[in-house]
Amino acid sequence: MKRGLFQSTAVTLIFWLCMSALTLLPVWWMFLVSVKSRADLFGKPSFLVDTAKMTWANYAEVLSNPSFQKYMINSLIIATSNAVLVSVLALLAAYAMSRFRLVGRDNIFFWVLTNRMAPPAVFLLPLFLMFTAVKIGDWSLFDSRIGLILLYCVFNLPFAFWLLQGIVDAIPKELDEAAYVDGASTFTVLRTVIFPLARPGLAVTGILTWVFAWNEYLFASTLTSVEARTITTGLAEFVTVTGTNWGQLAAVAMLTLAPAALVLALVQRHIVAGLTFGAVKG
Amino acid sequence: MRNSTTGWLLIAPTLFILFITGFVPFIYVLVVSFFDWNTFAQNPEPTFTGADNFRELVFDKAFLKSIWLTLKFTAFVLISQLVIGLFLARMLLRNVPLKGLFRTIHTLPLMIAPIAVGATWRLLTVPGLGPIPHYLKSWFGIDYILSRFPDQAFATVVIMDIWHWTPLVTLTLMAGLSNLPEEPLEQARIDGASEWRIFWDITLAFLKPVLLTTIFIRLMDALRTVDEVWMLTGGGPGAETRFIGLHIWRVVFPKTDYGYGSAMSLITLYLTIVMCWLLYVAMTGMKENKA
């Protein structure tokens, strides 16, 4: 069979170099905007860094802005708490599904997954009304970090549940049976047998759910007002409130996407399986 | 199998949280959709009105338009992403130096927050600042102003979504392609079938389950696109990119029309389920045919 010019390695290499440039270009452009001063923003676009005029002032300004600091801390707390909560609960649930005979097992599994599939916009109103209704003294679930931490379970818990299910199923039953014979309690088995063996899977679960929680916008924007706002809602505010400060907008956007980009290499093999409910293994 | 009470105790917290965050809101929205309830109206208390909200919806031009736009957007992005993704998957399966790096770079958009994707594309398209309007003007003499031309806004939203989500299609189809059985392909080649015929009749046939799964996932996500569009166009110009999620948000929050918004949410949920169900039936039907 003859290999045409189009199929040669050189052409493929050039093709992928161009594709990679195309993929990176929007993000690269944003980075360029984020290191420009306001005076240099407009004019003929250039895709190179002008090292003489390059400035970190936008980042400095954003990072020293108290309300932005609060957004960032909120996002960190919410994403981290949610990832930990979800990983722990999902590990317990996955263990229960894997080792105990539960009535309606398949229905439970399916119902849990449907929670992930529902369009979030549909549930904005009931959630808003529920959140504002829950009040203890001065404290309200609306505009609280706890509210978002719990709510993000609706999309992260099914995902973590599904991911850990496969991991717990792969741990040989004989191992925990042996521990039970030695008189260990369920909790001890979970702690000393299941947890250490599921650790790599838990790490992937934790990282991906962290990223999903960090990236969430719609719920955060409707269910918080001042105190519990996250970095994604802060980013959206930039456009509506101070729409002209493009440099700072770009800096915030860079900070928003940075953590996801940083862990990309670590979890990239699992992203596809993660986004397709394991229907396709990456 | 061990005592199932312990099992139920272990799974209970998960079920409880999902019950509160997933099931209760659904019941809530179902109940409210049968009421007339607008906190800014003369009568701010909910009043039961039966199916009035739904009757009104059928003739609501703005709602129908947002559904039509969402479906149009979904059709455009699905078809483009499948074609481009299939092509890229085949290109990525070739032996080429730096393959792992290319793959990682190609995966990057999937991890970026949708709201940041919107911000990225906004910076590319702002008149005077972004390179897209600049080069369209200086090379082709095209005036590119998102806030003025609906077609440009719609096209940009589609292209943004293609940039954001094609990698998912590429990676799933790549997984599918790398699991293809070798034998039928070899046999067809020996029989002298053209590459094009092999691709249509064999590759695509074996790829069908993965293809349908990919379509299913992308369909679900495309139907609920909100964040990036909100950031890029704000639904504008006018209501020309106001997809269903954005439309519901507008009815529910700035207008506080709770009853009507709930009915709208329910219909949207219903449409999503019907579309996914149809696809699911197609998928399972396919599997039975194979068995």
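In this predicted model, residues 153-177 of chain B are 100% helix and 0% strand, and the C-alpha atoms at the two ends of the span lie 35 Å apart. UniProt, in an unreviewed entry, lists this span as a "transmembrane region" of chain B, together with residues 7-35, 73-93, 105-124, 198-220 and 258-282. For chain A, an unreviewed UniProt entry places the feature "transmembrane region" at residues 12-31, 71-96, 108-134, 146-168, 189-213 and 246-267. The table sets out four of these spans.

| Span | Helix and strand content | Distance between end C-alpha atoms |
|---|---|---|
| Residues 153-177 of chain B | 100% helix, 0% strand | 35 Å |
| Residues 258-282 of chain B | 100% helix, 0% strand | 36 Å |
| Residues 12-31 of chain A | 100% helix, 0% strand | 28 Å |
| Residues 71-96 of chain A | 100% helix, 0% strand | 37 Å |

**Chain B as a whole**

Chain B contains 12 helices and 2 strands. Read from the N terminus, its elements follow the order α-β-β-α-α-α-α-α-α-α-α-α-α-α. Along the principal axes, the C-alpha atoms of chain B occupy a box of roughly 75 × 70 × 35 Å. Of the 291 residues in chain B, 40% are buried. Among the contacts in chain B with a separation of 6 or more, 71% join residues 24 or more positions apart.

**Two threonines of chain B**

Thr166(B) belongs to helix H7 (residues 150-178) of chain B. Thr166(B) counts as buried because 24 other C-beta atoms lie within 10 Å, and a residue needs 20 or more for that class. Apart from its neighbours within four places in sequence, Thr166(B) is in contact with Gln81(B), Ile84(B) and Gly85(B). Between the C-alpha atoms of Thr166(B) and Trp249(B), which are 83 residues apart along the chain, the distance is 27 Å.

Thr107(B) is part of helix H4 (residues 99-111) of chain B. Thr107(B) is also buried, since it has 22 C-beta neighbours inside 10 Å. When residues up to four places away in sequence are not counted, Thr107(B) touches Pro167(B) and Leu171(B) in chain B, and Leu264(A), Gln268(A) and Ile271(A) in chain A. The C-alpha atoms of Thr107(B) and Asp227(B) are 20 Å apart, with these positions 120 residues apart along the chain.

**The contact between the chains**

The contact between the two chains involves 79 residues from chain A and 73 residues from chain B. On the side of chain A that touches chain B, 63 residues are nonpolar, 13 are polar and 3 are charged.

**Domains of chain A**

Chain A is assigned domain 1 (1-55) and domain 2 (58-275). The centres of domain 1 and domain 2 of chain A, taken over C-alpha atoms, are 33 Å apart. Contact between these domains of chain A involves 7 residues of domain 1 and 8 residues of domain 2. The side of domain 1 of chain A that touches domain 2 of chain A comprises 4 nonpolar, 1 polar and 2 charged residues.

**The nonpolar core**

The largest nonpolar core has 150 residues, and those with the most contacts inside it are Ala90(A), Ala93(A), Leu164(A), Ala253(A) and Leu123(B). Helix H3 (residues 66-99) of chain A makes the largest contribution to this core, with 16 residues. The core lies between domain 1 (1-55) and domain 2 (58-275) of chain A, because both domains give residues to it.

Ala253(A), one of the residues with the most contacts inside the core, has partners in both chains. Leaving aside neighbours within four places in sequence, Ala253(A) is in contact with Met30(A) and Leu235(A), and with Ala116(B), Ala119(B) and Thr120(B).

**Confidence in the model**

The model has an ipTM of 0.88 and a pTM of 0.89. The mean pLDDT of chain B is 87, and 96% of the residues score at least 70. Among the elements of chain B, helix H3 (residues 61-93) has the highest mean pLDDT, 93, and helix H12 (residues 258-290) has the lowest, 79. Where pLDDT is low, the predicted coordinates should not be read in detail.

Notes: Residues numbered from 1 in each chain as written. Chains lettered and ligands numbered in written order. Predicted model: local features only at pLDDT ≥ 70, side-chain atom pairs only at ≥ 80, totals over all residues. Nonpolar A, V, L, I, M, F, W, Y, C, P; charged D, E, K, R; others polar. Helix = DSSP H or I, 4+ residues; strand = E, 2+ residues; numbered from the N terminus. Buried ≥ 20, exposed ≤ 12 C-beta atoms within 10 Å, placed from the backbone. UniProt positions renumbered as here; feature names shortened; annotations may be inferred. Domains from an automatic or database assignment. Core = buried A, V, L, I, M, F, W, Y, C linked by C-beta atoms within 7 Å. pLDDT = per-residue confidence, 0-100.
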